Structure formats: C-alpha cells, structure tokens
Amino acid sequence: MRVAILLAGLLLAGCSRPAPPVGKWEGGYEAGGDMVAARVEVLASGRVRVMAPDITNAIGSREQIDNFRAQLAADLVNGWSAVAPRTFDFDGKTFRKPGGVAPQMEWDKETNQMVLELFIGARPALPVPLRPVADFHDNPFRSG
C-alpha cells in the first residue's frame with residue numbers, strides 16, 4: 001500500500017507544471033526595416049508583464065534610425081508603469097497564451113535568455129532576442 005501511495009505522489013509531482021523563471025529581460029531588434037524595443041518581467045506569482053513597441057518600415061539615414069531607436073526606448077520607459085501582468089501557460093521552455101498553441105516567448109534555462117515571439121500584422125512571428133538584466137535600462141538597444 002505504501003508503494004502505491006508513493007508512486008501516486010511521484011506521478012502527481014511529475015504532472016505539475018514547471019514554475020516560470022522569475023526575472024527581467026530586455027532587448028532591441030533592428031533588421032529589414034523592423035525595429036522593436038522590448039521588456040519582459042516574470043513576477044514571483046508567475047504572471048508576466050511584457051511590452052514591445054515597434055516601428056515597421058524604419059528606413060532612413062543613421063540619424064533617422066537613431067531617432068527611431070530613441071522614440072521606441074522612450075515609449076517603453078514611459079509606458080511600462082501601465083503594463084498589467086498577464087497569465088501565460090509555461091511548459092518549462094515555452095510561454096503560450098492560456099490554452100493557446102503559438103509560442104509567445106521561449107526561455108533557455110542554460111543561458112537564461114528569452115526570445116519574444118512578436119506578431120506584427122499577418123506576418124510570421126518575429127523572434128526578438130532578450131538578455132537578462134537586474135534592472136531595466138533607458139536604452140534597451142544597448143549591449144551588456
């Protein structure tokens with residue numbers, strides 16, 4: 001009987017969902033005329049705050065591109081306090097909307113890096129790599 005109870009307990013423990021990684025990630029993406037500034041924060045409750053303002057057709061001189069970057073960074077900083085936490089399903093690697101199929105974020109446990117899967121219009125998901133940070137920066141495009 002004890003063996004059956006032990007096996008049942010182990011089976012239930014194996015079925016529990018993994019806890020999402022608590023932390024902060026940020027990054028900037030720029031390619032093919034698409035620009036994104038992004039922040040993700042996974043709270044201790046498992047809920048997630050995410051914001052990713054973007055600009056499409058961001059083509060121009062280096063000065064114009066730098067201005068676009070500054071605009072996105074400012075949008076991120078100024079709008080972050082209004083971002084409400086959301087619930088996601090998490091399987092140990094992939095975050096999905098509750099009951100959803102499409103990945104919204106992918107977390108790599110080995111490197112603690114996050115990739116935000118950004119959907120812009122009807123295009124395929126745009127993978128935006130994010131780096132872990134202790135605190136958010138005014139410029140998510142910066143390295144380090």
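In the predicted model, methionine 35 of strand β2 stands opposite isoleucine 55 in β4. This pair belongs to an antiparallel pairing of β2 with strand β4 (residues 54-55), which extends over 2 bridges. The description below starts from β2 and its partner strands, then turns to the chain as a whole, the largest pocket, strand β9 and two loop asparagines.

Strand β2 also pairs with strand β1 (residues 23-31), again in the antiparallel sense, and here the pairing runs over 9 bridges. Within this arrangement glycine 28 is placed opposite alanine 37 of β2. The two strands form a hairpin with 2 residues between them, and in the turn glycine 32 adopts a positive phi of about 55°. A further antiparallel pairing, over 4 bridges, joins β2 to strand β3 (residues 48-51). In that case glutamate 41 is found opposite arginine 49 in β3. The hairpin of β2 and β3 has 5 residues between the strands, with glycine 46 taking a positive phi near 95°.

The surroundings of β2 are reflected in its accessibility. Strand β2 spans residues 34-42, and 9 of its 9 residues are buried, so the strand is largely enclosed by the rest of the structure. Burial applies to both faces: Asp34, Val36, Ala38, Val40 and Val42 point one way from β2, Met35, Ala37, Arg39 and Glu41 point the other way, and all are buried. The residues named in the strand pairings above can be placed on these faces, with Met35, Ala37 and Glu41 among those that point in the second direction.

At the level of the whole chain, 2 helices and 9 strands are present. Their order from the N terminus is α-β-β-β-β-α-β-β-β-β-β. The chain comprises 144 residues, of which 36% count as buried. Among contacts between residues at least 6 apart in sequence, 48% join residues at least 24 apart.

The largest pocket has a volume of about 170 Å³. Its lining consists of Val50, Met51, Ala52, Arg86, Phe88, Lys97, Gln104, Met105, Leu116, Glu117, Leu118 and Phe119. At least two residues of this lining come from each of β3, β7 (103-108) and β8 (113-118). The greatest contribution is that of β8, which supplies 3 residues. By residue class, the lining of the largest pocket divides into 8 nonpolar, 1 polar and 3 charged residues. Strand β3 therefore has two roles in this description: β3 pairs with β2, and β3 also supplies residues to the lining of the largest pocket.Strand β9 (residues 126-133) contains arginine 131. Arginine 131 is buried, with a relative accessible area of 17%. A polar atom of the arginine 131 side chain lies 3.2 Å from the backbone oxygen of proline 140. Leucine 126 is likewise found in strand β9. With a relative accessible area of 11%, leucine 126 is buried. Leucine 126 touches Tyr29, Asp34, Val36, Leu116, Glu117, Leu118 and Ile120, when residues up to four places away in sequence are not counted. Of these partners, Asp34 and Val36 are residues that point one way from β2, whereas Leu116, Glu117 and Leu118 are among the residues that line the largest pocket. The C-alpha atoms of leucine 126 and valine 115 are separated by 9.5 Å, the two residues being 11 apart along the chain.

Positive phi values also occur outside glycine. Asparagine 57, which is not a glycine, has a positive phi of about 60°. Asparagine 57 is placed in the loop between β4 and α2 (62-79). Its relative accessibility of 64% lies over the 50% cut-off, so asparagine 57 counts as exposed. Asparagine 112 is a further residue other than glycine with a positive phi, in this case near 60°. The position of asparagine 112 is in the loop between β7 and β8, two strands that each supply at least two residues of the lining of the largest pocket. Asparagine 112 is partly exposed, with a relative accessible area of 30%.

Definitions and conventions:
Residues are numbered from 1 along each chain as its sequence is written. This is a predicted model: local features need pLDDT of at least 70, side-chain atom pairs count only at pLDDT 80 or more; totals for chains, interfaces and linings use all residues. Side-chain values use heavy atoms; hydrogens and water are left out. Buried means under 20% relative accessible area, exposed over 50%, partly exposed in between (1.4 Å probe, protein chains only). Two strands pair if DSSP finds at least two bridges between them. On a 1 Å grid over the protein atoms alone, a cavity is a set of points where a 1.4 Å probe fits but cannot get out, and a pocket is an open set with protein on both sides within 12 Å along at least five of seven lines; lining residues have an atom within 4 Å of a point. Grid points are joined across faces, edges and corners, and a volume is the space filled by probe spheres set on the points. Ala, Val, Leu, Ile, Met, Phe, Trp, Tyr, Cys and Pro count as nonpolar, Asp, Glu, Lys and Arg as charged, and the others, Gly among them, as polar. A polar contact is a pair of N or O atoms within 3.5 Å; within protein, one must be able to donate a hydrogen and the other to accept it, and residues adjacent in sequence count only if both atoms are side-chain atoms. Contact means heavy atoms within 4.5 Å.
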